[in-house]
Amino acid sequence: MNKINKDNFKQDAYKYGFVTEIEDEKIPKGLNEEVIKLISRKKNEPKWMLEWRLAAYERLKSMEVPKWARANIAEIDFQDLYYYSSPKDFKDKPKSLQEVDPKLLETYEKLGIPLKEQEALAGVAVDAVFDSVSVATTFKEKLNEIGVIFCPISEAIQKHPDLVKKYIGSVIPVTDHFYATLNSAVFSDGSFVYIPKNVKCPMELSTYFRINASETGQFERTLIIADEGSYVSYLEGCTAPMRDENQLHAANVELVALDNAEIKYSTVQNWYPGNEDGKGGIYNFVTKRGLCKGKNSKISWTQIETGSAITWKYPSCILRGDNSTGEFYSVAITNNHQQADTGTKMIHLGKNTKSRIVSKGISAGKSSNTYRGLVNFHRKAENSKNFTQCDSLLVGSNCKANTIPLTENNSNTSSLEHEATTSKISDDQLFYCMQRGLDAEEAQSLIVNGFCKEVLQQLPMEFAVEAQKLVSISLEGSVG
Amino acid sequence: MLEIKNLDVSVEDKQIIKNLNLKIGPGEVHAIMGPNGSGKSTIAHTLAGKPNYLVEAGNVDFKNEDLIAKDPYERSLLGLFLAFQYPIELPGVTNASYLKQILNAHRKSRGENPIDAGEFLKILKEKSRNLNIPMEMHSRFVNAGFSGGEKKKNEVLQMDLLNPSLIIMDETDSGLDVDALKSTSEAVNKLRDGKRSFLIITHYLRLLEYIEPDHVHVFGDGSIIESGDKSLASRIDNEGYEVK
């Protein structure tokens, strides 16, 4: 009886765990030159792109999987993975939504992302990436009218090669580290955004990543360029089916902000976290980096990390332009056996650069949650400032929270401020809320949402309510 | 309304309440007075279901239900309200959203829909005005950085909002100056409607000068040692707890 209830609970807790029954087409398992050439051919890429991929692969051969993260990672056999999977009828990419397999549209509807424009969330343009391909991008034409390019990166490589060539790999070098280099060799799809000079993008842009095929890795590649004086707010969401195997999502995301430009990048990460015994779940090994290239530019990362068996990501800012600003707002929630090792790097190169880090880690069950961060002031980064706040909240007594903030200050005129707290939800707080009629889970979720408030309020309004619910759902079953 | 029979309660293996008996009828206002450290607050916490307050013997009947068998939130939904001596802070949770959420929890248990945002604001404005609470307080975090008076007013506001049938006030007068005591008491008196019952736990007479009780009980050594009308409170105030 107990067992049945538990399974039901699990179903409730992760409601995106279904599989879409759709015929797919895969490139045979394995990592080699042939596979990379096939991926490139499938995407109809120009020669320079293939050469770029192959150069990355050449480099990868001599690189090793990083071992330093505070996580127990099962050995990944990179030859036993599919690197490309797409719905079968995608040989000729559908030109309009009418040509897209209804099953795919249905999938996104089930995930709460209607793709038909008349039904779509007003004010949000969506790029839907299913395994290795983008199935649809909404409001593309409308955005085009004002010069905003929002399309799958595979399409940008063909239609806007100059922009892609100029910026791809300019923030995350091909040789950065094992997973970043792997991504550069085999990346499949992701979004491309270009905001022209002095344009404030009138809509939220958003990409929805879905892993569906089994034994398949997803290698997202996203590139966002905000030209001088422009502004864009971008959001990504991620879900995957419930499976016993661990699946790999290794993304590279690069942001470039030129003079006076601002990019706001938000993530709601809800990959399948594995079951309550720690079986299955996504390995989310992600490299995200933004370059504040121009003066007075600003890049702001906001992330709500609730899914994945292991999360391993450090969305970072390189503050090269004078007076540029980097921000990192993070909520990372781990439950059951989840492991999260996340944080940021703020690299201050320019004068008068500012960065702000607000990290809220919540651990429950037997999970482990680490904040790892680096704030670096270059010798020339005069009068620069950083503020870091790392708060950890423990739910129960079997979980772990670690805070590893590193600082390197080579500038005499710059200043760092660091605050860190670790707390438990107090019995008095729970009792107070329950005395007023909230049950234990409602009370806990109210307190946790309060703890995360500073970060949650950074999200675009359309997603803030969803994120609050997600915070509550992720902790279900953790009340003692 | 409430009937406590032969109640024994221990906290962390120490027996605090011994064979307590008390009956409160609808509309009645009872006061329990006792010296500091006598454990009179334990009665309040036990009735509200605070964890670690272990009922070893006896039972409590509230509106014909076995109160002790219920979770704290069920007791609240059933109409029991405990005004805390030290209201708890909830950082990051704005008072307005908190008030709305607890109101909706009670509405849900009555089978009603969540309250409409406009209607809630109207009710909040009206009830806040009665208590001289500035609306600005509702955009602050629950009890965080509130003065003693603001905290107590916020408790009374919640009483008013949730419409309980039994209100237990645990040392509500502590930390209040004369003016705050007076205005808080006036607000509580407005909630006396002849049906709602009160259990007021206090050390001093002064609160009872504003909220006049029908019955006064003196608590000592884990139980009620003397009961009477409000004149008992004055006598205690003159003679102290030691004299019987």
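**Close-up 1. Lys360(A) and Asp391(A) join in a salt bridge.** In this predicted model, the two side chains meet with N and O at 2.9 Å. The pair links distant parts of chain A: Lys360(A) belongs to strand β18 (residues 354–363), while Asp391(A) sits in strand β20 (residues 385–394), 31 residues apart. Have a look at the surroundings, too: both Lys360(A) and Asp391(A) are buried.

**Close-up 2. A network of salt bridges includes Lys360(A) and Asp391(A).** Stepping back from the pair, we meet two further members, Arg356(A) and Glu454(A). Salt bridges link these residues with Lys360(A) and Asp391(A) in a network.

**Close-up 3. Lys127(B) and Asp160(B) form a salt bridge in chain B.** Here the closest N and O atoms are 3.4 Å apart. Lys127(B) lies in helix α4 (residues 117–130) and Asp160(B) in helix α5 (residues 148–162), so this salt bridge ties together parts of chain B that are 33 residues apart in sequence. Lys127(B) has a relative accessible area of 16%, and it counts as buried because that value is under 20%.

**Close-up 4. Glu58(A) pairs with Lys61(A) in a salt bridge.** The closest N and O atoms of these two residues are 3.1 Å apart. Glu58(A) has a relative accessibility of 44%, which means that it counts as partly exposed, a class lying between the 20% and 50% cut-offs.

**The wider setting.** The views above show a selection: a search of the whole structure finds 36 salt bridges over all chains. Side chains of opposite charge can pair when their charged atoms come close.

Key. Residues numbered from 1 in each chain as written. Chains lettered and ligands numbered in written order. Predicted model: local features only at pLDDT ≥ 70, side-chain atom pairs only at ≥ 80, totals over all residues. Heavy atoms only, no water. Salt bridge = Lys/Arg side-chain N within 4 Å of Asp/Glu carboxyl O. Buried < 20%, exposed > 50% of the residue type's maximum accessible area, 1.4 Å probe, protein only. Helix = DSSP H or I, 4+ residues; strand = E, 2+ residues; numbered from the N terminus.
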